[in-house]
Amino acid sequence: MRKNTIISLIIIMLLSISGFLITQSQQSSVSAEEAVITVDDLNIRKGPGMEYEILGQANQNASVQILDQSGNWAKIQFQNTEGWVSRDYIRKRSDQNQSKKVVQISVTDANVGVHSNPSLSSEIIQKVSTEQSFPIVDEEKGWYQIQLSNGDQGWIGKWLVDSNLDTDKPVIGKANTLEGKVIVIDAGHGGADTGTISASGNYEKYITTITAQSLEKKLKTLGARPVMTRTDDTFLTLENRVAHAQAYQADAFISIHYNSAPQFPNVNGIGTYYYHDRQKSLASSIHQKVLEATGAKDRKVTFGNFLVIRENQQPATLIELGFLSNAQEEAKINTMTFQEKATNGIIRGLIDYFQ
Ligand SMILES: [Zn+2]
């Protein structure tokens with residue numbers, strides 16, 4: 001009896017220990033991981049694939065529990081729904097805690113390139129779309145290194161993102177050829193001077209302003225010192241524009257224009273001008289990179305008798321970024337994609353020129 005009692009006790013103890021163990025392991029398997037949805041209108045599906053029925057949707061920043069994973073899909077619990085979502089659009093809380101700084105893509109362009117290195121000339125490893133958020137891993141002048149949902153890391157231009165970082169924070173980074181360079185950006189025309197009138201009836205002065213503002217923003221994030229000859233729709237004499245280059249001792253002066261040849265509606269392409277021979281290298285650097293970036297027809301770097309470059313003591317160029325009289329080219333010019341490409345090209349050209 002006594003022996004049996006001891007055996008019974010041992011059995012009871014073992015059972016309770018194993019019961020305890022079972023409870024523990026069950027607990028750990030059911031303690032689902034917390035995650036956050038990173039996009040709006042994310043479809044929750046019945047199974048781990050696009051072919052499965054949609055059960056519901058979740059919006060950005062919604063908290064979910066990850067119950068299971070299969071390939072690139074995660075089974076989640078969201079409110080009263082259990083279903084599967086693409087792992088590209090969720091971020092585990094544990095990942096988020098490693099880096100609280102998060103960037104959100106703010107451009108409306110659906111295809112923002114994530115680069116392999118903090119340089120526009122480096123390979124694009126992935127395209128990301130608007131409204132997605134990514135944790136920041138590191139930063140360099142003008143660039144954030146971000147964590148992509150597939151685990152890779154890549155670099156994205158700071159001008160493409162909204163971030164919750166404080167922008168006054170000094171940024172440590174590699175020496176940058178644009179650092180401290182004074183770039184006078186001259187948005188062609190303005191005020192009563194509308195510039196050319198496009199095929200659709202738009203004024204050149206508005207489009208040059210858009211390009212100039214985009215360029216200014218990017219140059220700032222890259223550590224340069226952009227100076228705008230005009231920031232709003234005001235008239236400015238040509239002499240006044242040149243005076244900006246002189247007053248600020250510009251390292252480069254870029255006058256932005258769009259061309260027109262209404263009598264030849266098929267004419268298209270980009271042309272860049274110099275007046276003095278000493279201005280040739282700036283014009284060539286910018287022209288080449290803008291052509292590469294936009295894929296536009298090459299209308300060459302040529303001599304042009306424009307006051308803003310003729311009277312300019314500083315390195316100066318004038319670029320005609322396409323023909324507004326060509327309806328097709330105008331439509332392209334009006335896209336954010338083109339504007340991005342054109343201003344990225346100008347920046348690459350400047351980097352090239354200062355190297
Ligand atoms: Zn013009």
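This tour proceeds through the structure one selection at a time.

The model is predicted, so local features are described only at pLDDT of at least 70 and side-chain atom pairs only at pLDDT 80 or more, while totals for chains, interfaces and linings use all residues. Residues are numbered from 1 along each chain as its sequence is written.

**The whole protein.** Begin with everything displayed: the protein has 8 helices and 20 strands. Helices (H or I, at least four residues) and strands (E, at least two) are DSSP runs, numbered from the N terminus. Of the 355 residues, 40% count as buried. A residue is buried if 20 or more other C-beta atoms, placed from the backbone, lie within 10 Å of its own, exposed if 12 or fewer, and partly exposed in between.

**Helix 5.** Select residues 280–294 next. The end C-alpha atoms of helix 5 are 21 Å apart, which agrees with the 21 Å expected for 15 residues at 1.5 Å a residue; the expected span is 1.5 Å times one less than the number of residues. Its buried residues include L282, I286, V290 and L291. The buried residues of helix 5 pack against strand 17 (252–259), strand 18 (270–274), strand 19 (298–303), strand 20 (316–323) and helix 8. Just after helix 5, G295 takes a positive phi of about 70°.

**Helix 8 and helix 3.** Move to helix 8, where 14 of the 19 residues are buried, so this helix is largely enclosed by the rest of the structure. Now add helix 3 (residues 204–221), which packs with helix 8 (residues 336–354) at an angle of about 50°, with the axes 9 Å apart. That angle makes helix 3 oblique to helix 8. Axes are lines fitted to C-alpha atoms, for helices over the stretch in contact, and angles run from 0 to 180 degrees between N-to-C directions. Angles under 35 degrees count as roughly parallel, over 145 as roughly antiparallel, 65 to 115 as roughly perpendicular and the rest as oblique.

To see where they meet, display I210, T211, S214, L215, K218 and L219 in helix 3 with Q339, A342, T343, I346 and I347 in helix 8. Two residues are in contact if their C-beta atoms, placed from the backbone, lie within 7 Å.

**Two loops.** Finish with Q79, in the loop between strand 5 (73–78) and strand 6 (81–86). Phi of Q79 is near 50°, a positive value in a residue other than glycine. Q79 is exposed, with 11 other C-beta atoms within 10 Å. Then select Q249, in the loop between helix 4 (238–247) and strand 17. Q249 has a positive phi of about 50° and is exposed, with 10 other C-beta atoms within 10 Å.
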